[in-house]
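Biologist: Could you take me through one part of this model at close range, and then follow it outwards to whatever it touches? I would enjoy a connected account rather than a list.

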Amino acid sequence: MKNLITIFLITLSALSYGQIDRTKAPNALPNPAINIPTPKIVKLENGLKVIIVENHKLPKISFQLFIDNPPMLEKSKVGLSELVGDMLGSGTVSYSKTDFDEAVDYIGASFSSSGRGFFASSLTKHSDKLLKMLKSVILEPSFPEDEFERIKKQYLAGLSANKSDPSAMAGNVGNVINYGTAHSYGEVMTEATVNNITIEDIKAYFKNYFGPQNAYLVIVGDVTEEKAKTIAETYFGGWPKNESMELADHNTVPEYNGNQVYFVNKPGAVQSVIKITHTLDLKPGHEDVVKLSVLNSILGGGSFSARLMSNLREDKAYTYGCYSSIQSDILKGEFTAGGSFRNDVTDSAITQILYEIDKIASELVTDAELDIVKKSKTGAFARSLENPQTVARFALNTIRYNLPADYYANYLKKIEAVTKDDLLQVAKMYLRPKNLSIIVVGNEEIANKLSVFDSNSNIDFKDGYGNSELKLKAAPENVTAATIINNYSQKIYMTDDAAVIAKKDKKIRFISRQYEGLMVQMGAAFELTTSAAYPNKEAMQLTVQGNVMQKEYFNGVTGKTESMMGAVDFDEAKIIKKKETSFPFLQLYYLSNEIYTLNLLGIDNIDGKAYYKIEIKNSLSEGIVYEYYNVENGLLEIKESIETNEKGETVESKVVLMDYKMYGSGTASLLLSSKQTMNNNGNVIELTLKSVDFEKSHPKGYFEGKMD
Amino acid sequence: MKNNLLMVFALILLPFTIKAQSTKIDFVEYDLNNGIHVILHENHTTPVAAVTLMYHVGSKNENEGRTGFAHFFEHLMFEGTQNIERHQYDKYVEKAGGTLNANTSQDRTFYYELLPSNQVELGLWLESERLLHAKVENIGIETQREVVKEEKRQRMDNQPYGSFQENIFKRAYSKHPYKWTVIGSMEDLNAAEEDDYVNFYRTFYVPHNVTLSIAGDINIEQTKAWIEQYFGSIPNGDKLNVYRDKEFLSLEKFITKYKSDIGSVANGENFSKDYNELSTEAFLDKYFPKVSEKPLPIPRPDIKEGLLKKEIVDTIYDNIQLSGVFMAYRTPELNHKDHYAVEMLTKILSDGKSSRIHKNVVEKQQKAVQAFIFPFPLEDEGITLTFALAQMGVGVDSVQAAIDVEIQKMKTELVSEIELKKIQNQIENDIISSFSTMAGIAENLAQYYTYYQGQTNLINNEIDKYLAVTPEDIKRVANTYFNTTNRVVLHYLPKQ
C-alpha cells in the first residue's frame with residue numbers, strides 16, 4: 001500500500017518540472033531476488049549425462065553435446081580434433097552433406113560442431129526433425145573423403161589468411177612461449193601439420209574419443225524435464241560406449257627468468273598488438289578463483305574504470321581498449337594483459353601495463369575500487385541469468401570440475417566476502433611482474449625500442465607460428481658479398497694497393513701461430529700451434545704442460561691425425577676438402593674458387609653491433625657456414641658453422657674473433673685476431689694469440705709431422 | 001516492503017508468460033509533451049531492464065570536412081554532465097551492478113544501460129542528464145579524439161580488408177553522405193572545433209529527435225511517472241538552448257548573446273545575482289517567461305541518387321594473403337516495398353550452408369573460402385554487399401564470375417516453393433531469436449519506430465511482409481537492382 005501512495009505522489013509531482021532534484025542520483029529500489037533455477041541431471045545407461053534446463057521464455061530449444069576429453073597432444077597432426085569437428089555434419093549414412101545442410105536450413109535451425117561435440121538449436125516445433133539429424137551425426141557419421149579434402153583446403157587457406165592477422169599471430173606466439181610446443185596448449189597448427197592429417201586419423205579419433213561415457217547432452221529451452229529425458233533416451237540411448245581413454249602426458253611448461261621480449265614483424269602495421277603473459281597454477285573451483293576474478297576486474301576488466309582502461313585509454317589515449325584476464329584451467333592457467341596500440345606509443349604502453357601489474361601486486365587496492373567491482377560483478381552475474389544457457393553452463397562446470405553443489409548459489413556471497421588483503425595476497429602469489437613474456441606483433445621499425453623491456457636486452461624474433469626467426473635488415477644496394485670479402489682482404493693485408501699485396505704474398509709463404517688456450521668448462525690450460533704454407537699445407541699441435549696431446553698435419557697430398565690413441569690417416573673426403581687452396585686465409589678464395597657459393601643475407605644486429613651476414617656453401621660438403629663482418633670496420637668477427645657429423649648428428653660451432661692486431665713487421669705482416677672464443681656444441685675454448693712467425697719457406701718435413 | 005508490489009506483478013504475469021508461449025511483444029508507446037517518443041515493454045522473466053535512447057542522428061547528418069563527428073560525439077557523451085563529474089558517468093552504472101555502452105551508425109546513435117530492475121530510475125536520471133546538459137571539456141575532447149583514432153586503426157587500418165567499407169562507400173555514393181564511413185577520416189577528426197560540438201548538440205540532441213525505449217522487469221505505471229519526471233520536464237526549442245546556455249556560458253557571454261531578449265534588465269544588480277544563484281528553471285521562469293518551446297527543425301539529407309549508371313571497377317592492394325572480391329549493388333532503403341524481396345534474394349544466395357553461393361562457389365567449385373551477400377541496412381537508399389575471399393590459387397575474376405552466375409540465375413529462374421519455404425522458416429527463427437534479450441527487444445522497438453515512420457508494431461507483424469514476397473517478386477528485384485551497371489566491384493590483392 002505504501003508503494004501505491006508513493007507512485008501517486010510521484011505522478012503528481014511530475015506535473016510541474018523543477019521540483020525534482022537533478023543534482024543527485026536517485027536511490028535504488030530494494031534488490032530483486034536472484035533466482036538460479038536448478039537444472040535436472042540424469043544419466044543414461046550408456047553413461048551419457050543429460051543436463052536439462054527448462055525455460056519457456058521463447059518457443060526455442062537447443063541441444064549441446066559436449067565430449068569432456070582431457071587435453072591431448074596432436075604432435076605432427078595439430079588441427080586433428082578441430083578437423084574432426086568440421087567433419088561432423090559433413091555427411092552421415094542417412095544424410096549426404098548436401099542433404100544435411102538442406103535439412104538444417106529448411107527448418108531454420110542452426111548447427112555447429114567442434115572436436116568436442118556440437119551445438120544446435122531450432123524452434124520447438126521443428127525439434128523432432130533436428131534431433132533425427134543430430135542422432136545421425138553421432139551414431140552414423142560417414143566421413144566422406146571429398147569433404148575431408150575440401151575442408152583441409154579451407155584450413156590451409158585460413159592459415160594463409162592468419163598470416164596477416166596480428167591477433168592470431170600474437171595468440172600462436174603466446175601459446176608457444178607459455179606452454180612450449182610439447183604441451184597440447186602450445187601446439188600450433190601449421191600447413192605442415194594439417195597436411196599430415198589423413199581421413200584414417202579422423203575416423204580413428206572419432207572412434208577413440210567420441211563415446212557417451214565421457215559426454216554430456218545439454219538440453220535447454222522450451223521443453224519439460226520429462227520430455228527432455230525421453231528425447232535423450234530416444235535419440236542417444238543407443239549410442240554405444242567406446243574404450244575409455246587415458247590422460248595424455250603433459251610436460252611441465254617452461255619457466256622464464258626475468259622479462260622476455262618477443263617480436264613478430266607485420267609489415268605495414270599501424271598498430272602493435274601487445275600481449276603480456278605468464279602461466280599460473282589455478283584449477284577451476286579453487287578458492288582463489290573468485291578472488292583472482294575480482295583482482296582481474298580491478299586491473300583489466302571491461303569497464304572504463306578498470307586500471308588498464310582508465311590509465312591507457314581514458315587518461316593517455318594510447319588505445320581503444322586495454323584488458324587483462326586470469327584464466328583457471330585443469331592443466332595450467334594463464335595471465336594475460338594487452339591490447340592494440342599505435343606504433344609510436346608501443347613502448348610507452350608496455351611501460352604503463354608493466355607499471356599496473358607491478359602496482360597491483362605490491363599495493364592494496366582502494367576501498368572504492370573493491371566496492372565498485374563487487375557491485376558490478378554482482379550485477380553481471382544477475383544479468384548473465386537472462387540467458388538460459390548460463391544455468392546449463394553452471395551445471396556442466398559443477399559436474400566437470402567436481403565443484404560443490406552450491407558453488408554458483410554461493411558465488412555472490414564469495415564475491416561479497418573478498419577483502420583488500422585477500423587481493424594483495426593472491427596478487428603476490430599468482431602474478432609474476434618480474435617474469436613476464438612480452439609479445440609484440442607490429443611494424444619492425446618499433447622493435448629496436450623494445451629491448452629495454454627484456455632482462456637480457458635481447459629481443460627474440462618470432463614468426464607468426466611462434467618459431468624463431470632471424471630478423472635481418474637489408475644491406476645497402478652497393479654492398480655485395482664480393483665487396484665485403486674484398487674489403488676484408490684489404491684489411492687483413494692492411495693495404496688496398498695491389499702491388500703491396502703482391503709483395504706481401506711473395507714474402508709470406510709460411511705462417512705459424514702460437515696460442516695460449518683455456519678449456520673453459522674444465523678449467524684446463526693448453527698451448528696450441530697452428531701453421532700453414534702456400535698453397536694448402538696445414539699443421540697443428542696441441543700441448544698440455546709440455547706434453548704433446550694431439551697433432552695433425554697435411555702436406556698437400558696426404559695427412560694424419562696423431563693422438564695418444566695412435567695415428568689415423570686422413571680419409572679421401574677430408575683430403576679432397578683440404579686440397580683446396582686456403583693460404584694465407586680462406587676468404588681470399590671465396591670469390592675465385594667455384595666450389596664456394598656466397599649469399600649476403602643482410603644486416604644482423606648482435607649485442608648492439610651491426611654485421612653483414614654472409615651464408616657460405618661449399619659444394620664439397622653438406623654444411624653451411626655463416627660469417628659476420630662488422631659493418632663499421634669490415635672485419636670478420638663471428639663465424640658459425642652447422643655440419644652433420646658421421647653419426648648424422650648436427651654439430652654447431654661458433655667462433656668469435658676479437659681484438660684484431662698487427663702481427664709481424666714490414667711486408668711480412670698481417671692483421672690478425674688476437675683473442676678467439678670457440679664454442680663447439682657447448683664446449684667453450686678461449687684462445688689468445690701470443691706470437692706469429694712469417695717465413696718465406698717452411699722447415700723441411702714440417703707438414704709430415706716434424707713440427708718441433 | 002516496497003518489494004511487495006513488484007512481487008505481486010511478477011506473480012500475476014508469470015503464469016501468462018509461460019503458458020501462452022506467445023512470441024508477441026506487447027508494448028505501450030506515447031509521446032511526451034516535448035516530443036520524446038517513449039516505448040515500454042514489460043517482461044518479468046529476469047530481474048533486469050534495458051534503458052535505451054535512440055537519437056536519430058548518425059554519420060549521414062555530418063557535414064563534409066567533419067566526417068566521423070557523430071561517432072566522436074558519442075564518445076564525448078560519456079564525459080559527464082552539469083551534475084555528473086568527468087569519469088563518473090559509467091561509475092554510477094557499475095556501482096548499480098549494470099553495464100552501459102553506445103554505438104553509432106550511418107543513421108542513428110544508440111545509448112543503453114543494462115541494469116538490475118531496481119535501478120531503472122538511475123538509468124533514466126543518467127540519460128536525462130545526457131540529453132539536458134551534457135558537459136564536454138577540452139581535456140575530454142583531446143583524449144577521446146585520440147581514442148577514436150585508435151579505434152579506427154584497430155578496426156580498419158590494421159585489419160586485413162579493413163579498408164573495404166571506406167573504399168566501397170566512397171564509390172557507391174557520389175552525393176549522399178553515406179559516401180563516407182561512420183568512423184570518418186583522421187584529418188576530419190583532427191579538424192573538429194568547439195563550435196562543432198555546440199552546434200551538433202543543439203541541433204540533434206533535442207527531445208523530438210529521441211526515442212526512449214525500455215524493456216524488462218518494469219512496472220509500467222511507475223516507469224511512466226519517472227519518465228515524466230526526468231524527461232517530461234526537459235524543455236525543447238529555444239527554451240532548451242537558453243537553458244543550456246544559462247548553465248554553460250559565463251555571465252558576460254550570456255548577456256552578449258541574449259542582449260536583445262533581456263534588454264536593460266541585464267544591467268541590474270539582481271540579474272547577475274540571479275544568474276549565479278537561481279536554479280536554471282527559476283531563472284528561465286523569471287527572465288524568459290515567453291521563450292518558445294517549439295521544436296526546431298532537424299536538418300536531414302534529402303538526396304536521391306537512384307541506381308548507379310555504370311559499373312565501377314577498381315583494385316586495392318592491401319596487407320593480405322588471400323585475394324578478395326567486394327561488390328556493392330545499389331538497392332532500396334529499409335522502408336521500401338522492394339526491401340523484403342531483396343533481403344529474401346540474398347538469403348537464398350547466402351544464408352546457411354545450403355544457400356546457393358555457399359553450396360556452389362565455396363563447396364562445389366571451391367573458388368572461395370568464404371562468400372556472402374547481404375543488404376546493408378540503411379534508412380536512405382542502401383547497398384547490397386557481396387564479399388568473397390578467394391581460395392588460394394584462384395583468381396578474383398574467376399570468383400567474381402562464379403558469383404555472377406548465381407546472381408544471373410536469380411534473374412532468369414523463379415525460386416522453388418521449397419526454397420521459398422526454407423527462407424520463410426529461417427526468417428521466423430531469426431525474428432523469434434531476436435527476442436531473447438531485453439536489450440535486443442528495446443533496440444528493435446526503437447529502430448522500427450525511428451526508421452519506419454512510427455511503425456513500432458513491425459516488431460510483431462514484419463514477418464507478414466516477408467511472407468508476402470513471391471518468387472516473382474524476387475525475380476523482379478533481381479532484374480531491377482542486380483545489374484552490372486548498378487554496381488561497384490573492388491578487387492583486393494596482396495601487396496607485392
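Modeller: Gladly, and please keep in mind that this is a predicted model. Let's start from one bridge: A:Lys275 has A:Ile439, in β11(A), as its bridge partner. That pair belongs to the antiparallel pairing of strand β8 (residues 271-280) of chain A with strand β11 (residues 437-442) of chain A, which runs over 5 bridges. In general, the strands of a sheet pair through backbone hydrogen bonds, either parallel or antiparallel.

Stepping back, we find an open sheet of 6 strands in chain A, ordered β9-β10-β8-β11-β7-β12, with mixed pairing. Its edges are β9 (319-327) and β12 (459-462) of chain A, each of which pairs on one side only. Ignoring direction, neighbouring strands of this sheet are turned by 20° against each other on average.

Now for what lies on the sheet. Helix α11 (residues 307-315) of chain A lies across β9 and β10 (333-342) of chain A, and runs at about 160° to β9(A). The other chain contributes too: α5(B) packs on the sheet and touches β8, β9 and β10 of chain A, its direction making about 70° with that of β9(A).

That helix leads us into the interface. Here 76 residues of chain B are in contact with 71 residues of chain A. On the chain B side, the elements that give two or more residues include α1 (3-20), α5 (138-157), α9 (220-232) and α17 (417-433) of chain B. The largest share of that side, 8 residues, comes from α5(B). By class, the side of chain B that touches chain A divides into 22 nonpolar, 34 polar and 20 charged residues.

Within its own chain, α5(B) has a helix partner as well. α2(B) and α5(B) pack at an angle of about 125°, with their axes 9 Å apart. An angle of that kind falls in none of the roughly parallel, antiparallel or perpendicular ranges, and the two helices are therefore oblique to each other. Their crossing is right-handed. From α2(B), the residues B:His71, B:Phe72, B:His75 and B:Leu76 meet B:Gly140, B:Ile141, B:Gln144, B:Arg145, B:Val147 and B:Val148 in α5(B). This contact has 5 nonpolar, 4 polar and 1 charged residues.

Follow α2(B) in turn and you arrive at a sheet in chain B. Helix α2 (residues 69-76) of chain B lies across β4 and β5 (109-116) of chain B, running at about 165° to β4(B). Helix α4 (residues 120-133) of chain B packs on the sheet too, where it touches β3 (48-55), β5 and β6 of chain B, and its direction makes about 155° with that of β5(B). The sheet itself is open, with 6 strands in the order β1-β2-β6-β3-β5-β4 (chain B) and mixed pairing. At its edges are β1 (28-31) and β4 (99-104) of chain B, each pairing on one side only. The twist averages 15° from one strand to the next. For a pairing to set beside our starting point, take strand β2 (residues 37-42) and strand β6 (residues 210-216) of chain B: they pair in the parallel sense over 6 bridges. There, B:His41 stands opposite B:Ala215 in β6(B).

Back in chain A, another helix pair is worth a look. Helix α10 (residues 288-300) and helix α13 (residues 367-384) of chain A have axes that come within 10 Å and cross at roughly 110°. That makes α10(A) roughly perpendicular to α13(A). α10(A) passes α13(A) in a right-handed crossing. The residues that meet are A:Val294, A:Ser297 and A:Ile298 in α10(A) and A:Glu369, A:Val373 and A:Lys377 in α13(A). They divide into 3 nonpolar, 1 polar and 2 charged.

One last stop in chain A is helix α2 (residues 80-87), where 6 of the 8 residues are buried, so that helix is largely enclosed by the rest of the structure. The buried residues are A:Leu80, A:Ser81, A:Leu83, A:Val84, A:Asp86 and A:Met87. Their cover includes β4 (110-114), α5 (145-162) and α8 (199-209) of chain A. After α2(A) comes A:Gly89, whose phi is positive, near 80°.

Technical notes:
Residues are numbered from 1 along each chain as its sequence is written. Chains are lettered from A and ligands numbered from 1 in the order in which they are written. This is a predicted model: local features need pLDDT of at least 70, side-chain atom pairs count only at pLDDT 80 or more; totals for chains, interfaces and linings use all residues. Two strands pair if DSSP finds at least two bridges between them. Helices (H or I, at least four residues) and strands (E, at least two) are DSSP runs, numbered from the N terminus. Axes are lines fitted to C-alpha atoms, for helices over the stretch in contact, and angles run from 0 to 180 degrees between N-to-C directions. Two residues are in contact if their C-beta atoms, placed from the backbone, lie within 7 Å. Angles under 35 degrees count as roughly parallel, over 145 as roughly antiparallel, 65 to 115 as roughly perpendicular and the rest as oblique. A crossing is left-handed if the near helix is turned anticlockwise from the far one by less than a right angle, and right-handed if clockwise. Ala, Val, Leu, Ile, Met, Phe, Trp, Tyr, Cys and Pro count as nonpolar, Asp, Glu, Lys and Arg as charged, and the others, Gly among them, as polar. A residue is buried if 20 or more other C-beta atoms lie within 10 Å of its own, exposed if 12 or fewer, and partly exposed in between; C-beta atoms are placed from the backbone.
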